[in-house]
Amino acid sequence: MTTDLVATIRARYEVAQEKIVKAAQKVGRDPADVRLLTVTKRQPLDVMQAALAAGITLMGENYPEEAVVKQQSLAFGTAVEWHMIGHVQSRKARMVVENFTLLHSLDSVKLARRLDGFCAAAGLRLPVLLQFNVGGETSKFGWQATEKADWDAFLPDVEDILALENLDVQGLMTMPPFFDNAELARPHFRRLRQLAEFLSLRYPAYNWNQLSMGTSGDFPVAVEEGATIVRLGTTILGARPKETGENYAH
Ligand SMILES: *Cc1c(COP(=O)(O)O)cnc(C)c1O
């Protein structure tokens with residue numbers, strides 16, 4: 001770990017934080033209502049150690065195994081809060097229950113039931129966000145929510161999940177298509193916020209406050225549209241090593 005890298009990461013983090021403050025203020029939001037999650041997927045341990053030295057304490061990983069290897073290899077102690085932001089296969093559910101404080105990417109009733117079962121066995125509650133696909137891409141995980149006319153279709157799934165005693169639904173997450181122009185992502189972020197409003201009218205006894213949306217290329221727009229957690233990888237840590245299949249076992 002070089003001190004240069006620590007300084008670089010700290011400077012990038014501060015720049016991103018300033019952009020969050022500006023975007024929040026532009027629309028009359030309190031910047032303190034937006035958390036910056038640093039996405040560490042595929043980043044090697046030395047980069048993560050530099051991030052820790054730079055004062056970063058909220059980290060998001062996409063693959064449970066990769067995350068747990070890192071958690072165990074690094075002397076992070078309790079300094080870091082770990083979120084799971086990637087698609088979770090049912091057979092990895094226990095790892096998520098035991099090693100993360102928030103799952104952003106809950107995308108099926110099947111996974112929800114598995115998580116709930118492991119929570120019950122361990123005496124834990126797991127905070128979760130429901131992942132929606134508001135962009136219509138078939139390659140993306142999450143319930144299809146592109147057209148408002150389709151919003152009733154997933155309500156039975158939502159109700160099944162709300163009924164699980166050990167999962168604590170706190171809001172929604174989305175990953176829109178990639179656009180070169182961040183403005184093109186705006187309707188997708190807006191749709192997720194509208195979906196949260198729709199669900200909060202429908203199920204007012206539950207908490208729909210958290211909106212996890214916005215990545216390196218578009219997070220100021222996401223904040224303007226109501227993001228409470230932005231997920232930033234490359235703009236904080238630099239380019240990720242390519243996926244080789246060997247970096248970590250998935
Ligand atoms: C990789 C990833 C990010 C971060 O993307 P960047 O463009 O590096 O900011 C955010 N969210 C999810 C779900 C990701 O997989």
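User: What places a polar side-chain atom of Asn62 in polar contact with the ligand?

Analyst: In this predicted model, a polar side-chain atom of Asn62 lies 2.7 Å from an oxygen atom of the ligand. The cut-off for a polar contact is 3.5 Å between N or O atoms, so the pair qualifies. Arg240 also has a polar side-chain atom 2.8 Å from an oxygen atom of the ligand, and a polar side-chain atom of Arg231 lies 2.9 Å from a nitrogen atom of the ligand. The protein covers 87% of the 390 Å² of accessible area that the ligand has on its own.

User: Where does the ligand sit, and which residues are around the ligand?

Analyst: The ligand occupies the largest pocket. The residues around the ligand include Val39, Lys41, Met175, Arg231 and Leu232.

User: What makes strand S9 a strand covered on both faces?

Analyst: In a regular strand, side chains alternate between the two faces of the sheet. In S9 (residues 229-232), Ile229 and Arg231 on one side are buried, as are Val230 and Leu232 on the other.

User: How do you know that S1 and S9 are paired?

Analyst: Pairing requires at least two bridges, and four join S1 (residues 35-39) to S9, so the two strands pair; they run parallel. Within S9, Val230 is the bridge partner of Leu36.

User: Why is Arg186 called buried?

Analyst: Arg186 has a relative accessibility of 14%, and buried means under 20%, so Arg186 counts as buried. Arg186 belongs to helix H7 (residues 186-202). The side chain of Arg186 makes a polar contact of 2.8 Å with the side chain of Glu224 and another, also 2.8 Å, with that of Glu225.

Definitions and conventions: Residues are numbered from 1 along each chain as its sequence is written. This is a predicted model: local features need pLDDT of at least 70, side-chain atom pairs count only at pLDDT 80 or more; totals for chains, interfaces and linings use all residues. Side-chain values use heavy atoms; hydrogens and water are left out. Buried means under 20% relative accessible area, exposed over 50%, partly exposed in between (1.4 Å probe, protein chains only). A residue is near a molecule or strand if one of its heavy atoms lies within 4 Å of it. A polar contact is a pair of N or O atoms within 3.5 Å; within protein, one must be able to donate a hydrogen and the other to accept it, and residues adjacent in sequence count only if both atoms are side-chain atoms. Accessible areas come from the Shrake-Rupley method with a 1.4 Å probe; for residues, only the protein chains shown count as cover. On a 1 Å grid over the protein atoms alone, a cavity is a set of points where a 1.4 Å probe fits but cannot get out, and a pocket is an open set with protein on both sides within 12 Å along at least five of seven lines; lining residues have an atom within 4 Å of a point. A molecule sits in a cavity or pocket if more than half of its atoms lie within 2 Å of its grid points.
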